[in-house]
Amino acid sequence: MTSKPLFMALGLLLSVIPALSGAATYYGPVNPYVSFDDSPLSFVGGQYRLETWDSNSVGTGGYTITGKAEVHAPGIYTDSVDGDDGAIDGFGTQGHSLYVSSNDLTIDFDAIWGEQGDELPTAVGIVWTDVGFVNDTTVGYGPLTFVAYGPSGQLVSDGVRSIGDGKVTGETGEDTFFGLYHEGGISRIVISMPTSVDWEVDHLQFGVAVPEPSTYALMGLGLLGVAAAARRRRR
Ligand SMILES: [Ca+2]
Ligand SMILES: [Ca+2]
Ligand SMILES: [Ca+2]
């Protein structure tokens, strides 16, 4: 019984070890995501780019896409992030999305950040918004993987998850954010739908971020907990 506070303190400390050790902090899946306000990333003011594709082109620069993808203009099958069309109304048909017609979408990031303008982004996110045909038979559901890489190799993998709502006409309830923070930089993300060449993403976001404030709060709590446990042991 007397060791319980110590275990609790150790648990809190373990929960913040990623932030202390430089490991990546994974944010995903986040649903719902209807506007940039729903992003879990804490970008530093002005030091990020948000690609909504609503300029009808690949506009922000700072990244390179590999994979078959094109911007989709407003239309009945377009599935933008909900708020991009000015109304959070359950539909993204009046916005723009990036339509992917290959199994894998690979995005490489330029080292243009930091004081010298030569560092990789420390935070990256993207919003998956839709899947249509899956293996050309079923519609609206399929497996998805999200993997991110840094200068030294793979940082996080979301594994294989089933995603989709069975609808293909711009509904936004299933739109889901995947992303991460990594102090040492993020060089590449790969989002894949191995059974579909008919899916969409939106809101690619990348730049300089800080760890979530809650991480600092946990660090403080963890350290307080250890201090309290140490005091109790001395009694
Ligand atoms: Ca959009
Ligand atoms: Ca909308
Ligand atoms: Ca959707």
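Are E171 and D175 buried or exposed? E171 is buried, and D175 is buried too, where buried stands for under 20% relative accessible area, exposed for over 50%, and partly exposed for anything in between (1.4 Å probe, protein chains only). This is a predicted model, in which local features need pLDDT of at least 70 and side-chain atom pairs count only at pLDDT 80 or more, while totals for chains, interfaces and linings use all residues. Residues are numbered from 1 along each chain as its sequence is written, chains are lettered from A and ligands numbered from 1 in the order in which they are written, and side-chain values use heavy atoms, with hydrogens and water left out.

E171 and D175 take us straight to a metal site. Both are among the protein donors of the calcium ion (ligand 3), together with D79, T129 and E174. Here a donor is an N, O or S atom within 2.8 Å of the metal, or within 3.2 Å for Na, K and Ca; water is not among the atoms, so sites may look incomplete. The donor atoms lie 2.2 to 2.9 Å from the ion: T129 and E171 each give an O atom, D79 and E174 are each listed twice, through OD and OE atoms respectively, and D175 gives an OD atom. Along the sequence, these donor residues are spaced D-x49-T-x41-E-x2-E-D.

The calcium ion (ligand 2) is held by another set of residues, namely D82, D85, A87, D89 and F91, with distances of 2.2 to 2.6 Å. D82 contributes both an O and an OD atom, D85 is listed with OD twice, D89 gives an OD atom, and A87 and F91 each give an O atom. The spacing along the chain reads D-x2-D-x1-A-x1-D-x1-F. What about exposure in this set? D82 has a relative accessible area of 2%, so D82 is buried, whereas F91, at 37%, is partly exposed.

D85 deserves a look of its own. This residue sits in the loop between β4 (69-72) and β5 (97-100); strands are DSSP runs of E with at least two residues, helices are runs of H or I with at least four, and numbering goes from the N terminus. With a relative accessible area of 23%, D85 is partly exposed. Leaving aside neighbours within four places in sequence, D85 is in contact (heavy atoms within 4.5 Å) with F91, G92, Q94 and G95. A polar atom of the D85 side chain also lies 3.1 Å from the backbone nitrogen of A87. D54 is 31 residues from D85 in sequence, yet their C-alpha atoms are 8.6 Å apart in space.

D54 in turn belongs to the site of the calcium ion (ligand 1), whose protein donors are T52 (O), D54 (OD), S80 (OG), D84 (OD), H96 (O) and D202 (OD, listed twice), at 2.3 to 2.9 Å. T52 is in the loop between β2 and β3 (63-66) and S80 in the loop between β4 and β5, so this pair ties together parts that are 28 residues apart in sequence. T52 and S80 are both buried. The donors follow the spacing T-x1-D-x25-S-x3-D-x11-H-x105-D along the chain.

Away from the metals, the whole structure has nine aromatic pairs. Rings of Phe, Tyr and Trp (its six-membered ring) pair if their centres lie within 6.5 Å, with planes under 30 degrees apart called stacked, over 60 edge-to-face and the rest tilted. One of the pairs is Y33 with F177, which is stacked at 6.0 Å centre to centre and 10° between the planes. Y33 lies in the loop between β1 and β2 and F177 in strand β13 (residues 176-181), so parts that are 144 residues apart in sequence are tied together. Y33 is buried at 0% relative accessible area, and F177 also counts as buried, at 0%. Ring pairs also link Y63, F109, W113 and F206 into a cluster.

S35 is found in the loop between β1 (25-30) and β2 (42-51). S35 is buried, at 17%, and touches V81, I88 and H203, not counting residues up to four places away in sequence.

Finally, the structure holds two salt bridges, each being a side-chain nitrogen of Lys or Arg within 4 Å of a carboxyl oxygen of Asp or Glu. D108 pairs with R188, with the closest N and O atoms 2.7 Å apart. This pair links strand β6 (residues 104-109) to strand β14 (residues 188-192), D108 and R188 being 80 residues apart. D108 is partly exposed at 21%, as is R188 at 34%. R161 bridges to D158 at 2.6 Å between the closest N and O atoms; R161 is partly exposed at 27%, but D158 is buried at 14%.

Methods. A polar contact is a pair of N or O atoms within 3.5 Å; within protein, one must be able to donate a hydrogen and the other to accept it, and residues adjacent in sequence count only if both atoms are side-chain atoms.
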